[in-house]
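Visitor: I have a structure to go through and not much time. Can you walk me through it?
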Amino acid sequence: MYKILKKEVLAPTISLFDIEAPMVARSAQAGQFVILRTIDDGERIPLTIADFDREKGTITCVFQEVGKTTTELAKFNVGDCLKDFVGPLGEPSHIENFGRVVVVGGGVGVAPIHPIARALKEAGNEVIGIIGARSGDLLFWEDKLRDACTELRVTTDDGSYVRQGFVTDVLKEVIEEKGDVALCVAIGPLPMMRAVCNMTKDYNLKTVVSLNSIMVDGTGMCGCCRVTVGGQTKFACVDGPEFDGHQVDFAEMARRSVIYKEQEQVAMEHYRQGHQCTCGCGGGK
Amino acid sequence: MAIIPNKHPMPAQDAAVRAKNFNEVALGYDEETVVAEASRCLQCKKEPCREGCPVEVDIPAFIKLAAQRDFAGAIKKLKEKNALPAVCGRVCPQENQCEKYCTVGKKNDPVGIGRIERFCADWELANGVLPQQVAEPTGKKVAIVGSGPSGLTCAADLAKLGHQVTIFEALHVAGGVLMYGIPEFRLPKAVVQAEVQNLKKLGVNIQVNAVVGKFATVDQLMEEGGFDAAFLGTGAGLPYFMNIPGENACGVYSANEFLTRTNLMKAYKFPDADTPIRVGKRVAVLGGGNVAMDAARTALRLGAEESWIVYRRSKTELPARHEEAEHAEEEGVKFAFLTSPTKIIYDDNYWVTGMECLRYELGEPDASGRRSPVPIEGSEFVIDVDTVVVAIGQGPNPLVPRTTKGLECNKRGNIIANLETGATSKPGVYAGGDVVTGAATVILAMGAGRTAANSIHAYLSGK
């Protein structure tokens, strides 16, 4: 069993857990992910590793409540145990001294960008961080990112905090202002990563994205997570999750990401109806 | 005493009923029937049936005990050689193994060895498991990578010999293909788990959620984990696709994904189980092996109105067990022989709407002795389907080979191991089952696990 040692609500619908998983923590690296299962008969969901502590043997996961499993997960508390927790999965981020790099985190993608920014900085890069959210109350880890980056710029879609604009607007400014940027790493919702790639293509700026396709096992045995990269089929769980964003078929990814949309709503509704509690989630009626 | 010419029939769920549920199809013998069937055995001195069993079960001896209603004795005899009798009694292709060599079978039906084995194993599971003898601890540690049939067998044998055995399994339950691949209606998952529990009673430690090659490499297990030897039984879990246009469209599954969602994740219980699956009205399963039959039968149970096997050769070349193809047909699975798709057609939302196919004819026999299919030019036609399951085979998962220094593989990615000993190119590391031979049968993998266990024991004894 995998015990929750720390819980923090970072923003409305966004939570952080430190989970006791020494086997995962001993070899976890930036860019990798885990798969967890909350309960018996639960589904397996992938979450990107947001941090790790080898001495304590913990993995930090940050997630947003978007459906049944994540809503249920958010109700877990310190001392509770997850049924299953497996990793580290996927290939680690490629880290070296590139020179000047930009890391972009959108929404809940601010969490997985953190260990990558830190590793890039430790490798001697000048790391310019850009983080953004829909509004100020959904933004988290500003301080943590400030430490992990050489310089951090913050934006909100609605202008409720710091400034108004998408991360792509800020990225454009950084590129124009700084000139030579060797690499961009962008993690966030699919439309955001797609927009970043469309923009950096014009500047011929190599851009790495972390693809969040639907997964089951996460070990390369089913192909559920397959994506087309440079015209070739790749399995995001073992070949990725990071790929050259300019080679990714985002249109295909977007369509594959909603395969189970109807079932996801059914599962959420089923959960609400069967769920007896006073947490205000609408269950127990 | 007159010979009874026919096997006692196995009661089964009616085809029309079972095609709509996930309960086991074959219902098993009752006590009177098993005694009657066991009494058909001639107890011949030559014991030809034993030659056909890859794990060398003492077949006449256990059948004799069953005929005398000593089921405790029978299961004890079985388990001297076979750690998974409830599984083998159900899924072994006995017609090509033990029963193929049965003396009674020369003129009449062979003795139903598999059915008797199944009864004895189920009897034990229902009546409480008998303790098994384990040798004095040797102090040696063995790591088993993968908990499929080869790993489980290897682990059981080594544990009985007194070695300290740890199985590392990537998924959240042990059993490998027995859990994720073979459907509930052929092999109930509770039966598999009961046999896995029996292994734990031998002292085998099972670590699930442990992906070797990721949390630790084989070398790290040996150097830092203190393991004296390792057995790699990682199977053939890498799905092959056709590499035709449209294969990434929504509604196209690998058989591994389709069966894993259904069997391991219990998607047939959705939304009581959380994992969803989407099956349309018309399903095409590409391929003709047992996996294809399992997928096509599963599709019907998930509510498909039509389930088609699309196979590029003819009925005689079907690689699936005859019995499986027959069960599929009885349940209403339809067959399109000498047919293979060239592309998958999809709508504006990227959902599958059909397959463009070519018709084939059989040409000269190929290297494998099977007549190779040759496409007929200009025979293009379209099949309307909304779900496609690709079941054309699997290769070895590269995670362990890729991360293990000094482990030689062939060009298909299979680990090279001596078939007589299981030894790989790496000292102390043994391998067996599908990762060595390519996708084969449960019992062959078990035989390879047994072989490797013997070699590992000899290696550790000399160390």
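Guide: We can take confidence, then the interface, then some salt bridges and single residues.

Visitor: Fine. What kind of model is it, experimental or predicted?
Guide: This is a predicted model.

Visitor: What are the ipTM and pTM?
Guide: The model scores 0.93 for ipTM and 0.94 for pTM.

Visitor: And the mean pLDDT of chain B?
Guide: Chain B has a mean of 94. There, 100% of the residues reach 70 or more.

Visitor: What does chain A average?
Guide: Chain A averages 94 as well, by its own pLDDT figure. In that chain, 96% of the residues score at least 70.

Visitor: Where in chain A does pLDDT stay under 50?
Guide: Over residues 280–285 of chain A. For that stretch the model has eleven contacts beyond four places in sequence.

Visitor: On to the interface. What area is buried between chain B and chain A?
Guide: About 3900 Å². Carbon and sulfur atoms give 52% of that.

Visitor: Which residues in chain B lose the most area to chain A?
Guide: K214(B), N248(B) and D274(B). Together they make up 19% of what that side buries.

Visitor: How many residues does the contact take from each chain?
Guide: Chain B supplies 47 residues and chain A supplies 44.

Visitor: How many residue pairs are in polar contact across the interface?
Guide: The rule finds 28 such pairs between chain B and chain A, with both residues at pLDDT 80 or more.

Visitor: Which elements of chain B give two or more residues to that side?
Guide: Strands β5 (238–239) and β6 (252–254), plus helix α12 (255–264), all of chain B. The largest share comes from α12(B), with four residues.

Visitor: How do the residues on that side divide by type?
Guide: On the side of chain B that touches chain A, 24 are nonpolar, twelve are polar and eleven are charged.

Visitor: How many salt bridges between the two chains?
Guide: The count is six between chain B and chain A. R278(B) and E262(A) meet in a salt bridge through their side chains, at 4.0 Å from N to O.

Visitor: Give me one residue from chain B that touches chain A.
Guide: Take N209(B). Its side chain makes a polar contact with the side chain of Y2(A), at 3.2 Å.

Visitor: Where does N209(B) lie?
Guide: In the loop between β3 (205–207) and α11 (218–223) of chain B.

Visitor: Is N209(B) buried or exposed, and why?
Guide: N209(B) counts as buried because its relative accessibility is 2%, and the cut-off for buried is under 20%.

Visitor: What else is N209(B) in contact with?
Guide: Leaving aside neighbours within four places in sequence, its contacts in chain A are Y2(A), M23(A), D84(A), F85(A) and V86(A). In chain B they are E169(B), A170(B), L171(B) and H172(B).

Visitor: Back to salt bridges. How many over all chains?
Guide: The count comes to 49 over all chains.

Visitor: Which residue does K79(B) meet in a salt bridge?
Guide: E124(B), at 3.0 Å from N to O. The pair links distant parts of the chain, with K79(B) in helix α5 (residues 71–79) and E124(B) in helix α7 (residues 113–127), 45 residues apart. K79(B) is buried at 6% relative accessibility, and E124(B) is buried at 3%.

Visitor: What about D157(B)?
Guide: D157(B) forms a salt bridge with R450(B), the closest N and O atoms being 2.5 Å apart. D157(B) lies in helix α8 (residues 149–160) and R450(B) in helix α17 (residues 442–462), so the pair ties together parts 293 residues apart in sequence. D157(B) is buried at 11%, and R450(B) is buried at 10%.

Visitor: Which residues do shared partners join into one network?
Guide: Salt bridges that share partners join R18(B), R186(B), D294(B), R297(B), R301(B), E324(B), E330(B) and E331(B).

Visitor: How do D58(B) and R50(B) compare on exposure?
Guide: D58(B) counts as buried at 16%, while R50(B) counts as partly exposed at 24%. They form a salt bridge, with the closest N and O atoms 3.6 Å apart.

Visitor: Last one. Where is T103(B) found?
Guide: In the loop between α6 (85–91) and α7 of chain B. T103(B) is partly exposed, with a relative accessible area of 30%.

Visitor: And what does T103(B) touch?
Guide: L42(B), C44(B) and P48(B), not counting residues up to four places away in sequence. T103(B) and L42(B) are 61 residues apart in sequence and 7.9 Å apart in space, C-alpha to C-alpha.

Definitions and conventions. Residues numbered from 1 in each chain as written. Chains lettered and ligands numbered in written order. Heavy atoms only, no water. pLDDT = per-residue confidence, 0-100. Contact = heavy atoms within 4.5 Å. Buried < 20%, exposed > 50% of the residue type's maximum accessible area, 1.4 Å probe, protein only. Polar contact = N/O pair within 3.5 Å; in protein donor to acceptor, adjacent residues only side chain to side chain. Buried area = accessible area lost by both parts, 1.4 Å probe. Nonpolar A, V, L, I, M, F, W, Y, C, P; charged D, E, K, R; others polar.
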